[in-house]
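Here is a friendly walk through one structure, strand by strand and helix by helix. Have a look at the view below, and then we can go through it together.

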Amino acid sequence: MDQKPRVLQICHDYKGPFCSVARHYAKCFEDCDVRTIFLRGEESEEIAATITGDVRFMGLSSKSLRGLKLIAAAKVASLIGEDVPDILITHRYKPFFVGLLLRVRFNRPLLLGVMHEFGFLRRFSRALLARFLSKGVHLIGVSEPVCREIREKVPKLSPRIHRISNAFERGPILDIISARRELKIPSEGFCFGTTGRLVYKKNHELLIRAFAELKGGERLAIVGDGKLRNDLEELVRQLGRSDSVIFCGSHTNAARLMRAFDAFVLPSGTDEAFGMVLLEAMAAGVPILSTDAPGPISVLGDGGLTFRSGDKTDLIARLKEIRSLSSEETAHLVARGSRRFSGEFSQQTLSKRLRGISAVADRIGTQVGADV
């Protein structure tokens, strides 16, 4: 019997969306011998059980992932042993660099570097490295703006840059009453909601300042935590809106709580490369108002309303607009989002596009166990 093709996936850790990302990429290769390695993070049987194939947790220190990452590459190589991969898939830059070292060591398997953020080759050393990448190295951007940035910086890589969006799988979603109870949001009244880390690129300050201008008795729920929480809470106090802005803190699997919101708002700025929370809102059937920054708009398409990125006045107007939609108009907006979600961000679409890369097909064939 012929040996199955081997696929090795390397992730920095499983924080944020990367457990889900690893799960969806591994599922694309159900017909292969697939292994996923998390360079950082404690061992978790719960996470391993959700991912196709063998899953390993290396628990490396941040120090071992600095510089040339030789220690990390050596430890991964030791773990691989004789099971030399046909394809290496890496998520984010540090795993990509480890993948480059492994590629040299293991007879140059195909390397797919998945770019989840802007600035993948922004540093001079990275851009210089890109000029020497061989034809066996391909880059995958999660959005067209991410791909465009690399094409403009290193034009010769253009034929080996592919746009493949992240996938998201619909899971159990709480009803509005249960979700609001868990988030400690009053059951009555219209509630805008947003989820995400409380960091600068998410632009929560803009949303809070715009919301403070509304006078219709609405509430704003902010799900997530981060270094800006104290500053944002102080801003809310200064604006006199502590009675209507609710900081819900961080919640595991916040996607299941989306129906607590009458409208989901993504205020992120131009540093946002994708916007996984938009997929969560689409999957939950919640109407969306999003920044028109290049990353988020490439995800949302016509699946929601948009405002001019960074423009408080326009955001205020759009908050009022989505608040005043009739039930019929809301249903139409949600239906557009659902169609967008099903067509662009399913497991089937991810598998088809990933396995459709000619270099991937050359290594392991075009048949897909996930029924693409």
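Which residue of β12 is the bridge partner of Phe264? It is Ile288. Keep in mind that this is a predicted model.

## The pair β11 and β12

Phe264 and Ile288 belong to a wider pairing: strand β11 covers residues 263-266, strand β12 covers residues 288-291, and the two run in the parallel sense with three bridges between them.

## The six-stranded sheet

These two strands sit within an open sheet of six, ordered β10-β9-β8-β11-β12-β13, with parallel pairing. At the edges you will find β10 (245-249) and β13 (305-307), each of which pairs on one side only. On average, neighbouring strands of this sheet are turned by 25° against each other, direction ignored.

## Around strand β2

Now move to the start of the chain. Strand β1 (residues 6-11) runs parallel to β2, and six bridges join them. With helix α1 (residues 18-27) included, β1 and β2 make up a right-handed β-α-β unit.

β2 also pairs with strand β3 (residues 54-57), again in the parallel sense, over four bridges. Arg35 is a handy residue to select here: Leu8 stands opposite Arg35 of β2, and Arg35 in turn stands opposite Asp54 in β3. As for burial, strand β2 (residues 33-38) is largely enclosed by the rest of the structure, because five of its six residues are buried.

## Helices α3 and α4

Next come two helices that pack together. Helix α3 (residues 70-80) and helix α4 (residues 93-105) have axes 9 Å apart and meet at an angle of about 55°. With that angle, α3 counts as oblique to α4, because it falls outside the ranges for roughly parallel (under 35 degrees) and roughly perpendicular (65 to 115). The crossing of α3 past α4 is right-handed.

If you would like to display the contact, α3 contributes Leu70, Ala72, Ala73, Ala74, Val76, Ala77 and Ile80. On the α4 side, these residues meet Val98, Leu101, Leu102 and Arg105.

## The buried face of α6

Finally, which residues of helix α6 (residues 144-153) are buried? They are Pro145, Val146, Cys147 and Ile150.

What do the buried residues of α6 pack against? Their partners are the strands β5 (110-115), β6 (137-141) and β7 (161-163), together with the helix α11 (294-300).

Technical notes. Residues numbered from 1 in each chain as written. Predicted model: local features only at pLDDT ≥ 70, side-chain atom pairs only at ≥ 80, totals over all residues. Heavy atoms only, no water. Buried < 20%, exposed > 50% of the residue type's maximum accessible area, 1.4 Å probe, protein only. Pairing = 2+ DSSP bridges. Right-handed = clockwise from strand over helix to strand, strands pointing away. Axes fitted to C-alpha atoms, helices over the stretch in contact; angles between N-to-C directions. Parallel < 35°, antiparallel > 145°, perpendicular 65-115°, else oblique. Left-handed = near helix turned anticlockwise from the far one by under 90°. Contact = heavy atoms within 4.5 Å.
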